[in-house]
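Q: Could you walk me through the spot where the ligand sits? I'd like a close look at what surrounds it and what touches it.

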Amino acid sequence: MCGIIGISSNKPVSANIINSLKKLEYRGYDSAGIATLSDGQINEVKSEGRVDNLENNFDLKNLRGNIGIGHVRWATHGIPNSLNAHPHSSHNVSVVHNGIIENSTILKKHLINKGHEFKSQTDTEVIVHLITENLKTSELEEAITKTLEQLDGSFALGIVFRDIPDLIVGARRGSPLAVGYGPNENYLGSDSYALKSMTNKITYLDDGEFCVVKKDQVLFFNEDGKKINKKILEMSSNETNYDKGDFKHFMAKEIEEQPITIKTGIKEYIDNVNKEINIFNFPWKIEEIKSITLIGCGTAYHSCLMAKYWFEELTNLDVSIDIASEFRYRKNRFKKDTLYVFVSQSGETADTYAALDLCNKNSMKTCAIVNVIESSIARDSNFVLPIHCGPEIGVASTKAFLGQILVLYILALKLGSLRNEIEKKEYQEKIKDLKDLPGLIEKTLSYDNDIQAISSTFNEAKGSMFLGRGYSYPIALEGALKLKELSYVHAEGYPAGEMKHGPLALIEEGMPVVVLAPKDSYYKKTISNLQEVVARGAKVLLITNKSKDEVVSENIWETIEVENTNDDLFPFLLTIPLQKLAYYSALKKGYDIDKPRNLAKSVTVE
Ligand code: M6R
């Protein structure tokens with residue numbers, strides 16, 4: 001992952017580099033650093049931890065230089081400390097890197113034999129020394145081309161040179177990189193978000209390309225070192241709110257924003273007057289699609305699993321789902337009549353992108369469901385369905401999950417109707433029910449206090465389990481992921497019916513177990529599984545929907561009731577208390593909720 005920024009200007013750059021690095025912290029936050037060029041030298045400053053630490057540890061206002069690069073790191077090679085923080089520099093070359101150099105060990109040996117001295121444990125440092133070495137015998141562009149040829153793996157690079165002090169080189173293979181254009185200055189950045197406060201004019205590098213960024217000119221080259229022309233894109237300039245407002249954390253704000261997320265999604269895709277779903281410019285005829293494969297990572301994968309249930313129910317298509325890091329290395333049988341759907345909030349997740357790339361190389365039909373519409377996954381898919389959530393800053397995905405499952409549900413409904421698998425009346429009923437969803441989410445959000453109290457038990461326990469069947473099973477997985485990600489306590493999501501095949505052995509007196517059991521067609525079966533864990537001493541938190549019905553069991557520890565809706569839509573409501581449970585558990589522990597340890601928002605390494 002890691003975030004990269006570079007600025008070439010006619011005025012000092014350190015303040016703008018710092019501002020951009022703060023925006024890039026969602027890509028990594030275990031160390032940060034800057035290198036500027038001034039008075040014939042490279043000025044390098046770096047610190048362990050956040051950008052704030054860098055600011056506190058150095059007098060950055062007095063860091064001179066009209067050209068510079070900056071980096072926030074998510075460690076791959078070498079522990080997160082200031083020595084391994086980027087930039088890495090030789091006497092002449094300074095480099096920031098996002099990605100992994102897979103042949104770094106061999107290259108390092110070769111460079112040590114040539115007399116190069118290494119200071120860090122990183123793979124990145126080999127790039128510094130390779131360029132330094134190649135510059136001894138070649139001009140800049142040739143030296144860069146040679147260096148890139150010698151590297152295996154993935155990278156986005158920003159490079160400055162003591163002896164060529166008027167430019168920054170950027171290079172891309174696998175990891176995203178953009179160039180931005182400003183008045184008397186130009187930029188390099190991991191994404192348009194990092195550059196947004198400075199420009200809305202962007203060019204994205206494609207794989208294999210590199211660029212030379214001067215304050216008044218940008219040149220692009222292909223992997224053979226030949227000059228190429230590239231388009232400048234104007235990004236939408238609507239200033240979105242990146243503020244926490246009155247909330248303590250972005251996550252809390254993003255949880256509360258979910259009624260708006262759903263309202264916006266519905267507005268974008270649903271014509272309420274005609275009770276119809278609008279998916280414009282869908283590039284394929286319905287007869288051309290016989291099966292669907294949904295691919296994602298983490299929470300986005302849970303969205304895929306959720307969608308599998310809806311697609312099977314509503315479209316009667318063959319549906320398979322895959323974790324992107326598995327899909328990309330498996331021997332896949334690509335089928336022309338399969339629609340490959342890539343789900344990603346950031347649109348930059350390396351494994352998901354690689355899976356998409358594989359499908360594109362095999363000329364498959366590809367569709368992206370993303371939040372960031374300027375992202376690599378959106379740009380390289382045949383068709384894009386945005387989730388319209390606005391920026392999600394908290395590392396734990398909340399509103400993007402609901403946004404993803406909403407778009408997937410809408411797509412399933414539309415395909416089901418086009419395939420005549422749903423009666424018109426039922427189709428319109430389901431569309432009508434969707435209209436009520438934002439209000440139901442809002443009400444569910446208001447049940448807060450119980451969850452705050454309940455969260456302590458999860459923090460004190462050795463571990464916990466989250467169980468569900470059918471539509472509730474993906475939500476159980478998502479609830480467990482949220483809890484481990486934020487509270488660092490072990491939590492396991494399981495299909496309730498699987499417990500007796502092994503995991504039941506984990507249940508002991510007092511273990512908290514969340515059972516998701518809305519009164520849908522799976523209800524009775526789930527309640528039997530609930531009884532099985534209660535009988536073995538579990539403290540069951542039952543999450544169900546409101547009703548005056550029977551007492552499920554006298555031995556249930558706590559019950560949370562969500563609003564009533566149709567069976568398809570319970571997953572949206574069940575998610576809310578689970579997000580809050582994770583939030584309050586982490587809050588009680590005093591953990592960094594928006595930036596949990598060891599993680600990053602955008603996972604651009606595999
Ligand atoms: O940006 P993406 O949706 O592709 O990210 C995928 C996962 O890294 C992400 O959902 C991750 O699992 C979340 N941090 C979970 O809350």
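A: Here is a tour of the ligand site, starting with where it lies and ending with the contacts. Keep in mind that this is a predicted model. The space the ligand takes up is the second largest pocket. Two elements each give two or more residues to the shell around it, namely α9 (298–315) and α16 (473–487). On the domain level, both domain 2 (250–444) and domain 3 (449–589) supply shell residues, so the ligand lies between the two.

Now for the shell itself. There are 15 residues around the ligand, and the ones that come nearest are Ser344, Gln345, Ser346, Thr349 and Glu485. Sorted by class, the shell is made of seven polar, six nonpolar and two charged residues.

Next, the polar contacts. Take Thr349, one of those nearest residues: an N or O atom in its side chain is 2.4 Å from a ligand oxygen. Glu485 is also on that nearest list, and here a side-chain N or O atom sits 2.6 Å from a nitrogen atom of the ligand. With Ser397 the backbone does the job, as one of its polar backbone atoms is 2.8 Å from an oxygen of the ligand. How much of the ligand does the protein cover? On its own the ligand has 410 Å² of accessible area, and the protein covers 91% of that.

Definitions and conventions. Residues numbered from 1 in each chain as written. Predicted model: local features only at pLDDT ≥ 70, side-chain atom pairs only at ≥ 80, totals over all residues. Heavy atoms only, no water. Near = heavy atom within 4 Å. Polar contact = N/O pair within 3.5 Å; in protein donor to acceptor, adjacent residues only side chain to side chain. Areas by Shrake-Rupley, 256 points an atom, 1.4 Å probe, with all protein chains shown as cover. 1 Å grid on protein atoms, 1.4 Å probe; cavity = no way out; pocket = protein on both sides within 12 Å on 5 of 7 lines; lining within 4 Å. Sits in = over half its atoms within 2 Å of the grid points. Helix = DSSP H or I, 4+ residues; strand = E, 2+ residues; numbered from the N terminus. Nonpolar A, V, L, I, M, F, W, Y, C, P; charged D, E, K, R; others polar. Domains from an automatic or database assignment.
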